[in-house]
Amino acid sequence: MHTHGRMAAGNDSSVTEFILLGLTQQSQLQLPFFFIFLGIHVVTVVGNMGLIILIGLNPHLHTPMYYFLFNLSFIDLCYSSVIIPRLLIGFVKENVISYAECMTQLCFFSFFVIDECCILASMAYDRYVAICKPLLYKAIMSHQVCLMLMVGTYVMGFVGAMAHTGCMLRLTFCGDNFINHYMCDIPPLLRLSCTSTYINELVVFIVVGVNVTVPSLTISISYTLILSNIFHIRATEGRSKAFSTCSSHIVAVSLFFGSSAFMYLKPSPAGSLDQDKVSTVFYTIVGPMMNPFIYSLRNKDVKIALSKTLKKRAFS
């Protein structure tokens, strides 16, 4: 257990740094966890970088679906890099984070997590158009539309991140400076505030509500229409092709939205913070690692592109 809390002199002065208690306090788990999460980070970076490079190098993958996948991999890569390095520090030594670093991490984490919500919704819409309106697909998912959806995604992320961070900056932290988490997330920070967190909780409710509800609705409606369309396909081959196009996206969406909704939309005192930590691991660490595999393992285009690229490299 960490026993000493560092803070500015005097009890009433504001905290200049926090101590992240990390994922676990059990010393025998620290080293195994360090290697497990280091491995996860390496796989995440290699998987997402691989997909970004593959899509960039292969012109036949320059379609709306892969344009979104390219951006999803970029977001996952950044998202993971905002969180895992700090988590790893916590396994090997006391993880002291300055107030400025903490707010910066919170800002980037909020930005990328909202981007992830919005891009998963864009991808569901793309699948809907591909399966339900195949003849109009090129016209509906034009280059401009894809660009607008991506700009919208990053704008939503920016606005949400600014709202969360701005509200956090107006709080005063004094006394206890231990954050019972492996990153600067909103719920554990609100617990340390000496001032009223009413506005922050309202902002969390609105921003999280909008960024979970709107994408969730978009995804649900898209998939309801997709499923009803699939059931009208007479040919079994056509049906299974349509299913396989969607299945990977459904897995990614369930993993991400299930764990994030559980974390933020339940009443705060009910769940313990340790439970929160476990659910955040799913959407902040496991999701970004799994996405490249979820989208590429069952994907013929990606496999073809990969073998072509490797052959080119082998013969060049």
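## A tour of the helices

Begin with the whole protein chain selected: its accessible surface comes to about 15,300 Å², of which 71% belongs to carbon and sulfur atoms, with accessible areas taken from the Shrake-Rupley method with a 1.4 Å probe, and with only the protein chains shown counting as cover for residues. This is a predicted model, in which local features need pLDDT of at least 70 and side-chain atom pairs count only at pLDDT 80 or more, whereas totals for chains, interfaces and linings use all residues. Residues are numbered from 1 along each chain as its sequence is written, and side-chain values use heavy atoms, with hydrogens and water left out.

Keep the whole chain in view and colour by secondary structure, which shows 10 helices and three strands; helices (H or I, at least four residues) and strands (E, at least two) are DSSP runs, numbered from the N terminus. Read along the sequence, the elements follow the pattern β-α-α-β-α-α-α-β-α-α-α-α-α. Of the 316 residues, 49% count as buried, where buried means under 20% relative accessible area, exposed over 50% and partly exposed in between, for a 1.4 Å probe and protein chains only. Among contacts with a separation of 6 or more, residues 24 or more positions apart account for 78%, a contact being heavy atoms within 4.5 Å.

**First stop: α1 and α2**

Select helix α1 (residues 27-57) and then helix α2 (residues 64-92). The axes of α1 and α2 come within 9 Å and cross at roughly 160 degrees; such axes are lines fitted to C-alpha atoms, for helices over the stretch in contact, and the angles run from 0 to 180 degrees between N-to-C directions. That crossing makes α1 roughly antiparallel to α2, on a scale where angles under 35 degrees count as roughly parallel, over 145 as roughly antiparallel, 65 to 115 as roughly perpendicular and the rest as oblique. In this pair α1 passes α2 in a left-handed crossing, a term that applies if the near helix is turned anticlockwise from the far one by less than a right angle, with right-handed used if it is turned clockwise. The residues of this contact divide into 21 nonpolar, nine polar and one charged; Ala, Val, Leu, Ile, Met, Phe, Trp, Tyr, Cys and Pro count as nonpolar, Asp, Glu, Lys and Arg as charged, and the others, Gly among them, as polar.

Two residues are worth labelling here. Leu29, placed in α1, is partly exposed with a relative accessible area of 28%, and its C-alpha atom is separated by 8.6 Å from that of Phe91, 62 residues apart along the chain. Ser81, in helix α2, counts as partly exposed at 36% relative accessibility, and the C-alpha atoms of Ser81 and Val45, 36 residues apart along the chain, are separated by 8.4 Å.

**Second stop: α2 and α3**

Leave α2 selected and add helix α3 (residues 99-132). The axes of α2 and α3 come within 9 Å and cross at roughly 155 degrees, and the two helices are therefore roughly antiparallel to each other. Here α2 passes α3 in a left-handed crossing, and the contact has 17 nonpolar, three polar and seven charged residues.

**Third stop: α3 and α5**

Now drop α2 and select helix α5 (residues 143-169) together with α3, whose axes come within 8 Å and cross at roughly 150 degrees. These helices, too, are roughly antiparallel to each other, and α3 passes α5 in a right-handed crossing. By class, the contact of α3 with α5 has 18 nonpolar, seven polar and one charged residues.

**Fourth stop: Tyr137**

Select Tyr137, which lies in helix α4 (residues 137-140) and counts as buried at 16% relative accessibility. Not counting residues up to four places away in sequence, Tyr137 touches Pro64, Met65, Asp126, Arg127, Val129 and Ala130. Tyr137 and Arg127 are 10 residues apart in sequence and 9.7 Å apart in space, C-alpha to C-alpha.

**Last stop: Ala305**

Finish in helix α10 (residues 300-315) by selecting Ala305, which is buried with a relative accessible area of 0%. Leaving aside its neighbours within four places in sequence, Ala305 is in contact with Leu54, Asn58, His60 and Leu61. The C-alpha atoms of Ala305 and His60 are separated by 8.2 Å, although these residues are 245 apart along the chain.
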